[in-house]
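Thanks for passing this one along. Here are my notes, in numbered points, for you to read with the structure open beside you.

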Amino acid sequence: MEESSRPTVGDYMTREVATVELDDTVGEVARRIAENDHFSGFPVTDGRRVEGFVSARDLLLAEDHEPMFRVMTDDILVAHPDMAVQDAARVILRSGIQKLPVVDDAGHLVGIISNADVIRSHIERATPGKVDKLSRTLENIHGITTHEDRREVQLDDLTPTQTTVYADELEGRVYELERGLAEPLVVIDNGGDLLLADGHHRVKAAVRLDVDEMDAYVIVLDETVELGMAETAADSDLESIGDIEVVDYAHHPLVQTTERLQD
């Protein structure tokens, strides 16, 4: 991959950043952290310029009346929007911090990138390879051409192709969705019929969270064909996400195999 095509911090950073000011007090900032589970710390700014960072740990031993400029960490690490995500990941990993303020050439705050954003970047880079492989397989089997689209799909429009999902893995997908870490679905558009090829745990998690549409890579077949996975869905009476059964982890094939090996 050429350097220019590498994903950058600017591609994945959060642009709307909650900040605190130099004169804000420990008591005020502590209340903001206590009232919102998403906040574990804030960039400290003077106007648009980043002067430091304050974490919940910085507040623990400070008096409520003390201002941020006395308790903040002013020797901070920052990222630039043009920095490669891979390089930001190394900084986050080696420093043990969870978030990097992102500043422009003038030192002005333009965003923030977290370890969750880095994980999301790796997920989204892995999925296109999976999609490309499935596209080539469909073309070779059916002698057709395909093209790929990236769009939001309505979950009610999807036909599942997998009869079961596992309860423990479903809990993991709920956790990922709540934090914006879930990879896009992979969907096949066969003449307007949308078949869910990959992401059955994710759609079940989305239904649990009252999400009605999700980001998807859509493989569009340039002519309608008879797909084996569509026949399998019909034979299994799969018409909607609600038809996917959730089974306990104890019934997972890997667990059953492990138990047999231990007998």
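**Notes on the model**

1. Let's begin with Asp 222. Setting aside neighbours within four places in sequence, Asp 222 is in contact with Thr 145, Thr 146 and His 147. Keep in mind throughout that this is a predicted model. Two of these contacts involve polar side-chain pairs: the Asp 222 side chain makes a polar contact with the side chain of Thr 145 at 2.7 Å, and another with the side chain of His 147 at 2.8 Å.

2. Where does Asp 222 sit? Look in the loop between E11 and helix H9 (228-235). Thr 145 is 77 residues away along the chain, yet the C-alpha atoms of the two are separated by 5.7 Å. Asp 222 counts as partly exposed because its relative accessible area is 40%, between the 20% and 50% cut-offs.

3. Now for His 201, which belongs to helix H8 (residues 200-208). Is His 201 buried or exposed? It is buried, because its relative accessibility is 9% and the cut-off is under 20%. A polar atom of the His 201 side chain lies 2.9 Å from the backbone nitrogen of Tyr 166. Not counting residues up to four places away in sequence, His 201 also touches Gln 162, Val 165, Glu 169, Leu 170 and Arg 173, as well as Tyr 166 itself.

4. His 201 has buried company in its helix. H8 is mostly covered, with seven of its nine residues buried. The buried set is His 200, His 201, Arg 202, Val 203, Lys 204, Ala 205 and Ala 206, so don't be surprised to find Arg 202 and Lys 204 meeting the under-20% cut-off for buried. After H8 comes Asp 210, which has a positive phi, near 60°.

5. On to the nonpolar packing. The largest nonpolar core has 16 residues, and Leu 155, Leu 158, Leu 185, Val 187 and Val 203 touch the most other members. Strand E9 (185-190), strand E10 (193-198), H8 and strand E11 (213-221) each supply at least two residues of this core. E11 gives the most, with four residues.

6. Val 203 is a good residue to click on here. Leaving out neighbours within four places in sequence, Val 203 is in contact with Leu 155, Leu 158, Leu 185, Leu 196, Met 214, Ile 241 and Ile 244. There is also a second, separate core of 13 residues, and Leu 22, Val 26, Val 29 and Ala 62 are among them.

7. Which strands does E10 pair with? E10 runs parallel to strand E7 (residues 158-159), joined by two bridges, and antiparallel to E9, joined by five. On the E7 side, Thr 159 has Leu 195 of E10 as its bridge partner. On the E9 side, Val 186 is partnered with Asp 198 of E10. The hairpin of E9 and E10 has two residues between the strands, and Gly 191 in that hairpin takes a positive phi near 65°.

8. Last, the overall layout. The domain assignment splits the protein chain into domain 1 (9-121) and domain 2 (126-247), and the centres of domain 1 and domain 2, taken over C-alpha atoms, are 37 Å apart. From the record, an unreviewed UniProt entry lists residues 13-71 and 72-131 as "domain: CBS". The span 13-71 is 31% helix and 25% strand, and its end C-alpha atoms lie 26 Å apart.

Conventions:
Residues numbered from 1 in each chain as written. Predicted model: local features only at pLDDT ≥ 70, side-chain atom pairs only at ≥ 80, totals over all residues. Heavy atoms only, no water. Buried < 20%, exposed > 50% of the residue type's maximum accessible area, 1.4 Å probe, protein only. Polar contact = N/O pair within 3.5 Å; in protein donor to acceptor, adjacent residues only side chain to side chain. Contact = heavy atoms within 4.5 Å. UniProt positions renumbered as here; feature names shortened; annotations may be inferred. Core = buried A, V, L, I, M, F, W, Y, C linked by side-chain atoms within 4.5 Å. Domains from an automatic or database assignment. Pairing = 2+ DSSP bridges.
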